[in-house]
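Visitor: Could you take me through one part of this protein at close range? I would like to see how the metal site sits in its surroundings.

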Amino acid sequence: MKYVSGEILTVDGLTRGYLSFNDREIVEFGKGCCPKKPVSKGLIVPSFVNAHTHIGDSFIRKKEIDLPRDVEALVAPPVGLKHKLLKKATENELIEGMEESINVMIKSGTKIFSDFREDGIIGVCLLKTALAHWKISSIILSRPDNMIYHKNEIDILLNLSDGIGLSSISDWNINELKKIVHHTKQKKKIFSIHASESIREDIDKILDLKPDFLIHMIKASKSDLIRVKENDIPIVICPRSNAFYGLKPNYKLLKKIGNKILIGTDNGMLNPPNLLDEINYTISCFKGFSKIDLLNMITYDARKVLNQECDILGSNSKAEFVVLNKQTLKPLYISV
Ligand SMILES: [Zn+2]
């Protein structure tokens with residue numbers, strides 16, 4: 001049996017104590033002094049949840065292409081450069097890129113990630129192939145291959161995945177979009193969509209779709225963010241991806257309004273999906289969130305929104321935790 005000790009981040013805040021654990025589970029959560037020499041001392045937090053990735057485009061990172069710093073030109077379907085590269089890539093290339101990103105996530109303490117997977121049914125199957133040999137949980141949000149609603153395709157996608165994750169209302173014919181949403185809700189699966197990333201989009205149309213959570217909301221106005229809060233819809237921010245396009249979340253306003261915030265690393269082609277890098281970058285942009293606020297966003301808050309186990313550091317729960325240096329947030333120990 002091994003021990004880690006220090007400050008433990010629980011749902012109710014920080015507590016001083018220790019965890020004893022074996023390879024599979026936590027045996028004891030103890031308060032006070034650690035009975036044996038711990039393998040690591042520091043800030044003990046649950047393993048992370050990356051609330052928004054597109055690991056399918058990770059292979060592009062290696063190509064060292066000078067990517068356009070424009071959302072429309074790079075990622076908007078169907079003609080954004082990323083989609084052209086996805087169509088041209090071999091299956092091996094795609095899977096290798098995804099596995100590289102999965103490895104980055106595991107090595108930096110992430111145990112669950114929520115991925116927007118492109119390329120319809122084949123796209124989901126490729127992601128599942130990439131996941132086969134790794135110890136990580138995924139929430140796969142798929143999308144139709146073309147931007148139209150086909151009942152059979154959506155049936156298959158919803159059987160294979162956890163729900164649907166789409167580009168944005170500006171890319172879609174709203175009637176097709178509504179059919180997809182209706183079908184997704186009928187099957188009680190997740191629906192999510194990028195919103196107001198580089199231009200402000202109509203908040204009524206967005207809310208009409210009853211998304212489980214929204215991605216970005218950079219260009220949303222104060223009243224838009226208030227409406228989102230009133231509707232209890234979380235927002236996933238991806239600060240490093242936004243910075244690539246010269247964009248920045250309105251942290252101050254998000255904090256003032258009290259929107260529920262989760263954090264994602266967005267496209268694998270832009271940055272390796274390391275949430276600690278994302279948090280450190282966020283701290284460098286905005287001092288208004290404490291480290292603990294941000295750690296809560298990538299642990300308990302994300303688990304709650306994504307319906308994952310929240311009773312995570314107690315006895316008999318899976319040994320899924322990370323020990324961090326409290327000052328630098330450098331990982332000192334990551335459970336396997
Ligand atoms: Zn995205």
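Guide: Happy to; we will start at the metal site and then look at a histidine beside it and the sheet. Please keep in mind that this is a predicted model. The zinc ion has four protein donors, H52 (NE2), H54 (NE2), H194 (NE2) and D266 (OD), at 2.0 to 2.3 Å from the ion. Along the sequence these donor residues follow the spacing H-x1-H-x139-H-x71-D. The angles among the 4 donor atoms run from 89 to 162°, and the site is irregular. Both H52 and H54 are buried.

Now move to H216, a residue of strand β10 (residues 213–216). H216 counts as buried because its relative accessibility is 1%, and the cut-off for buried is under 20%. Its contacts lead back to the metal: H216 touches the zinc donors H194 and D266, and its other contacts include A195, E197, I235 and C238. The side chain of H216 makes a polar contact with the side chain of D266 at 3.5 Å, and another with the side chain of N242 at 3.2 Å.

Strand β10 belongs to an open sheet of 9 strands, paired in parallel in the order β12-β11-β10-β9-β8-β7-β6-β5-β13. The edge strands, each pairing on one side only, are β12 (261–263) and β13 (266–267). Further inside the order, β8 (residues 163–166) and β9 (residues 190–195) are joined in the parallel sense over 4 bridges, with G165 opposite S192 of β9. Helix α5 (residues 120–131) lies across β6 (110–116) and β7 (137–142), at about 170° to β7.

Note on methods. Residues numbered from 1 in each chain as written. Predicted model: local features only at pLDDT ≥ 70, side-chain atom pairs only at ≥ 80, totals over all residues. Heavy atoms only, no water. Donors = N, O, S within 2.8 Å, 3.2 Å for Na, K, Ca; no water. Tetrahedral: all angles 85-135°; square planar, octahedral: opposite > 155°, others 65-115°. Buried < 20%, exposed > 50% of the residue type's maximum accessible area, 1.4 Å probe, protein only. Pairing = 2+ DSSP bridges. Helix = DSSP H or I, 4+ residues; strand = E, 2+ residues; numbered from the N terminus. Contact = heavy atoms within 4.5 Å. Axes fitted to C-alpha atoms, helices over the stretch in contact; angles between N-to-C directions. Polar contact = N/O pair within 3.5 Å; in protein donor to acceptor, adjacent residues only side chain to side chain. Lists of a residue's contacts leave out its neighbours within four places in sequence.
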